[in-house]
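Here's a quick look at an internal void and the sheet that goes with it. Have the viewer open while you read.

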Amino acid sequence: MGDVLAGNHAVWEFDSDSVLIRFARGMRTPRLFHALGSRRIPLEAVSGVTVTTGKRDSVVLRAVPRPGADPLMEAAAGQLREACDPYRLVLPGERAPHAAAFADALLSRLGPDPAEPAERFLVDVPRPPLHLKAYDARVGFDGTAVSFRWSRTGATSTKWKACDQRYPVSALTGVEWRSPEGPGGHLRLLLRDAAGDPRPSHDLAAAVFGVGYGSVHESLPFAAAVLAAVRGRASVSSVPRARSGERLHHLSELHSAGLLTDAEYAALRERFTAESL
């Protein structure tokens, strides 16, 4: 398509197989958009497109992300405010015909079953901060493990007495993110072999947010990165029988991202190569 739509806080550029979203930097732009910078959304990660009338004589174009395709939206789990939705573009009312034309063109390029959940993440994970400052901990993620360093002033005695914690990605099944903009904001790791305390303030695999701690633009990309790492490792053991080159390329990407050790990468590469012979 090669066309461009410029709206409030973002510019969307459409081509034959994806949408490139470049977020503006400005005082009124949500800080989450600043953190995201730009994102390329493959059309196979989109399940639909809508055009609606917005406030103050505006029109809203929104791409509907396919379930399971975007780690950011999976981690957000519907908690983002409308103004912070990265799939939403607000345009002046006179651009309504253009928005409708883009929506029609995009819809015509979607696959036969776009609403079917994706088997893997199709959108690249945003680059997260290496460390996240929560109210009761400093949380770190190096691509292979998540660590919690408890705060003397914020952490409960349960956490402080248990000492700092470290959880390898292989021990996790998922991540639970609760927005700091609502009550009970926290980041919780879901453990493979154990259930944590239901109270985030006492759960050794959770960090509590608060005013000024765990802001959306920092904590959500962090949660999405951990979730992508967990899903990435889970998918390696069940890689579908695709062409050998595709499987090895995917394996190399996981290794480069730090989601596979050198030994795991070598073993899986040898196995996939042997299976293709």
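## The cavity and its lining

Start with who surrounds the void: the largest cavity is lined by W12, V19, I21, I41, V46, A63 and Y87. Sort those by class and you get seven nonpolar residues, with no polar and no charged ones. Keep in mind that this is a predicted model.

How big is the largest cavity? Its volume comes to about 30 Å³. A search over the whole structure turns up one cavity of 30 Å³ or more.

## The three-stranded sheet

V46 takes us from the cavity lining to the sheet, where V46 has P65 in β6 as its bridge partner. The two strands involved, β5 and β6 (residues 58-65), run antiparallel to each other and share seven bridges.

Zoom out, and the sheet is an open one made of three strands, ordered β5-β6-β7, with antiparallel pairing. Why do β5 and β7 each have one side without a neighbour in the sheet? Both β5 (46-53) and β7 (88-92) sit at the edges with a single partner strand apiece, so one side of each stays unpaired in the sheet. On average, neighbouring strands here are turned by 15° against each other, ignoring direction.

## The helix on top

Which helix packs on this sheet? That's α3, covering residues 96-107, and it touches β5, β6 and β7. If you care about orientation, the direction of α3 makes about 165° with that of β5.

Terms used
Residues numbered from 1 in each chain as written. Predicted model: local features only at pLDDT ≥ 70, side-chain atom pairs only at ≥ 80, totals over all residues. Heavy atoms only, no water. 1 Å grid on protein atoms, 1.4 Å probe; cavity = no way out; pocket = protein on both sides within 12 Å on 5 of 7 lines; lining within 4 Å. Points joined across faces, edges and corners; volume = space filled by probe spheres on them. Nonpolar A, V, L, I, M, F, W, Y, C, P; charged D, E, K, R; others polar. Pairing = 2+ DSSP bridges. Helix = DSSP H or I, 4+ residues; strand = E, 2+ residues; numbered from the N terminus. Axes fitted to C-alpha atoms, helices over the stretch in contact; angles between N-to-C directions. Contact = heavy atoms within 4.5 Å.
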